[in-house]
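Morning, everyone. Please have the sequence and the model open on your screens. I'll go from one residue out to the whole chain.

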Amino acid sequence: MTTMSTFPICRNHSTLQSSSTNLNLRRSFTTDTHHHHHHQPPQLLFFSRTRPTTACQGVEVKAAPNVSVSGKRTKEVIEDEGRFLVGTYARAPVVLVRGEGCKVYDVEGNEYLDLTAGIAVNALGHGDADWLKAVVDQAGTLTHVSNVFHTLPQVELAKHLVASSFADRVFFANSGTEANEAAIKFSRKYQKHTCTNNGKVPATEFIAFSNCFHGRTLGALALTSKVQYRAPFEPVMPGVTFLEYGNAQAAVELIQQGKIAAVFVEPIQGEGGIYSATKEFLQSLRSACNDAGALLVFDEIQCGLGRTGFLWAHEAYGVSPDIMTLAKPLAGGLPIGAVLVTEKVASAINYGDHGSTFAGTPLVCNAALAVLNKISKSDFLSAVAKKGLYFKDLLKQKLGGNHHVNEIRGFGLIIGIDLDVPASPLLDACRNSGLLVLTAGKGNVVRIVPPLIITEQEIERAVDILSQTLHVLDENNRK
């Protein structure tokens, strides 16, 4: 027997409101008292959306309904995930259905303070009004036409990125790993282009560093230091040498041999454990690359776009790259990657050398413009820097004396709490107390990458929860 029910997602029955939207966040779902056979497709369930959207020519249209995660409770959704999805993720046992600002809500109605931001993606938090307006307006105008044609938002976004950076030109992709794949290809092509003019054998090898993470597609994977990521898929791209992060002497000596096409480095390592480069290290890489004709690639996929309190993380070091890769926060939650390059690199790239069907769509680029317009403002960046200092100081006051805490480090709102034991029990305890955080490094670092709009009150609440749950590390260690 099938019955129809309606209930609000949130315990407070609230309706998300902004200057651009009124969403009726009630949902209808079906429950079936009989078990479904495995081969039967699940029934699609919908949010009710009553907001009109504006399409081109000012025509008012009704928005298409959103597909709900399901009316099922957490346990059943997780069981279905185990049946229908490839098992690549060790997910937390939470089914999230809604977000607002720095908070998210699960299918049971529980509220969480979100310090994960979708792994440093949701820089403006959840449901930012200007971002939402940019998405809805563009979706009602032009969503996708491919790169066979010119489109306005893509050109405007490229202009904005060039105007606010070292770069002369931009290539768009769909993710961070795709951006790094493009950077690999551009580096190889640049070396071939250069050697066509001087008759030398083109450099084809790469340098990456310990604890680095550059992606999971085969080229970017070859540049990623964690053996457990690479080993199941070997052989990967050859010609990559991993050096100790920060070891300028070893890097300079290898670059000077003339076989290195490019050096890939994160100014601040996120996945690797929140380690910051030194100015001297990056300057040494820059000088050695200049002398040898190698390219310097900064991967700012996680640390860039305002997270450090600078628009670009490398600005703090006074060192500029030849190529910079971006992704995570650029489109505020929609998939995007970007490769920013100097003219000397761009001059080596010809029609057909690289491409993408979906990259740089009007929809995604218009969303990215909304994000970039906010993040690039000096008062926004100053606020990030101020909140980052406050967050670190508070963590040191409340957690710094604990014997499990080795170090609290970071820059702006990318912060790591380095522990002497695995961090997972602390993550579980935080989640049960309404706080979402991540791990990094070897699983012993608590990674904090909140939305950049987080308030001081939310920072204080987060630190209180971390402080109050820290005791679980002792309890877990005694088992």
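**One arginine, then outward**

Let's begin with arginine 431, which sits in helix α13, residues 424-432. One reminder before we go on: this is a predicted model.

Is arginine 431 buried or exposed? Arginine 431 counts as buried, because its relative accessible area is 15%, and the cut-off for buried is under 20%. What does arginine 431 touch, leaving out residues up to four places away in sequence? The list is Ala92, Pro93, Val94, Tyr112 and Leu436.

Now step back to the whole chain. There are 479 residues, and 51% of them count as buried. The chain has 15 helices and 24 strands. Take the contacts with a separation of 6 or more: residues 24 or more positions apart account for 69% of these. The accessible surface of the chain is about 22,400 Å². Carbon and sulfur atoms hold 53% of that surface.

Next, the nonpolar cores. The largest has 68 residues. Which of them touch the most other members? Phe391, Leu395, Ile417 and Ile448 do. Helix α11, residues 362-375, gives this core its largest share, with 9 residues. Apart from this core lies another, of 33 residues. Val252, Leu254, Ile255 and Cys289 are among its members.

Back to isoleucine 417 for a moment. Again, skip residues up to four places away in sequence. Isoleucine 417 then touches residues including Leu395, Leu399, Val405 and Ile408. Glu407 and Asn444 are among its contacts too, and so is Ile448.

Now for the empty space. Rolling a probe the size of a water molecule over the atoms shows where such space is left. How many cavities of 30 Å³ or more turn up in the whole structure? The search finds 1. About 40 Å³ of space lies in the largest cavity. Its lining includes His144, Val145, Ser146 and Asn147 from one part of the sequence. Thr357, Phe358, Ala359 and Gly360 are also among the lining residues. By class, that lining has 4 nonpolar residues, 8 polar and no charged.

On to the second largest pocket. It holds about 990 Å³ of space, and 27 residues line it. Which lie nearest its centre? Gln154, Arg169, Val170, Phe171 and Tyr351 do. Gln154 is also one of the residues lining the largest cavity.

Four elements each supply at least two residues to the pocket lining: α4 (152-163), β11 (169-173), β19 (337-341) and α10 (343-346). Strand β11 gives the most, with 4 residues. By class, the pocket lining has 15 nonpolar, 10 polar and 2 charged residues.

Last stop: backbone details. Look at helix α2, residues 117-120. Alanine 117 is in this helix, and so is alanine 120. Alanine 117 has phi near 50 degrees, a positive value in a residue other than glycine. Alanine 120 has a positive phi as well, about 65 degrees, although it is not a glycine. Are these alanines buried or exposed? Alanine 117 is buried, with a relative accessible area of 0%. Alanine 120 counts as buried, at 1% relative accessibility.

And one peptide bond. Find proline 235, in the loop between α7 (227-230) and β13 (240-243). The bond from glutamate 234 to proline 235 is cis, with omega near 5 degrees.

That's the tour. Questions, please.

Technical notes: Residues are numbered from 1 along each chain as its sequence is written. This is a predicted model: local features need pLDDT of at least 70, side-chain atom pairs count only at pLDDT 80 or more; totals for chains, interfaces and linings use all residues. Side-chain values use heavy atoms; hydrogens and water are left out. On a 1 Å grid over the protein atoms alone, a cavity is a set of points where a 1.4 Å probe fits but cannot get out, and a pocket is an open set with protein on both sides within 12 Å along at least five of seven lines; lining residues have an atom within 4 Å of a point. Grid points are joined across faces, edges and corners, and a volume is the space filled by probe spheres set on the points. Ala, Val, Leu, Ile, Met, Phe, Trp, Tyr, Cys and Pro count as nonpolar, Asp, Glu, Lys and Arg as charged, and the others, Gly among them, as polar. Buried means under 20% relative accessible area, exposed over 50%, partly exposed in between (1.4 Å probe, protein chains only). Contact means heavy atoms within 4.5 Å. Accessible areas come from the Shrake-Rupley method with a 1.4 Å probe; for residues, only the protein chains shown count as cover. A nonpolar core is a set of buried Ala, Val, Leu, Ile, Met, Phe, Trp, Tyr and Cys residues joined through side-chain atoms within 4.5 Å.
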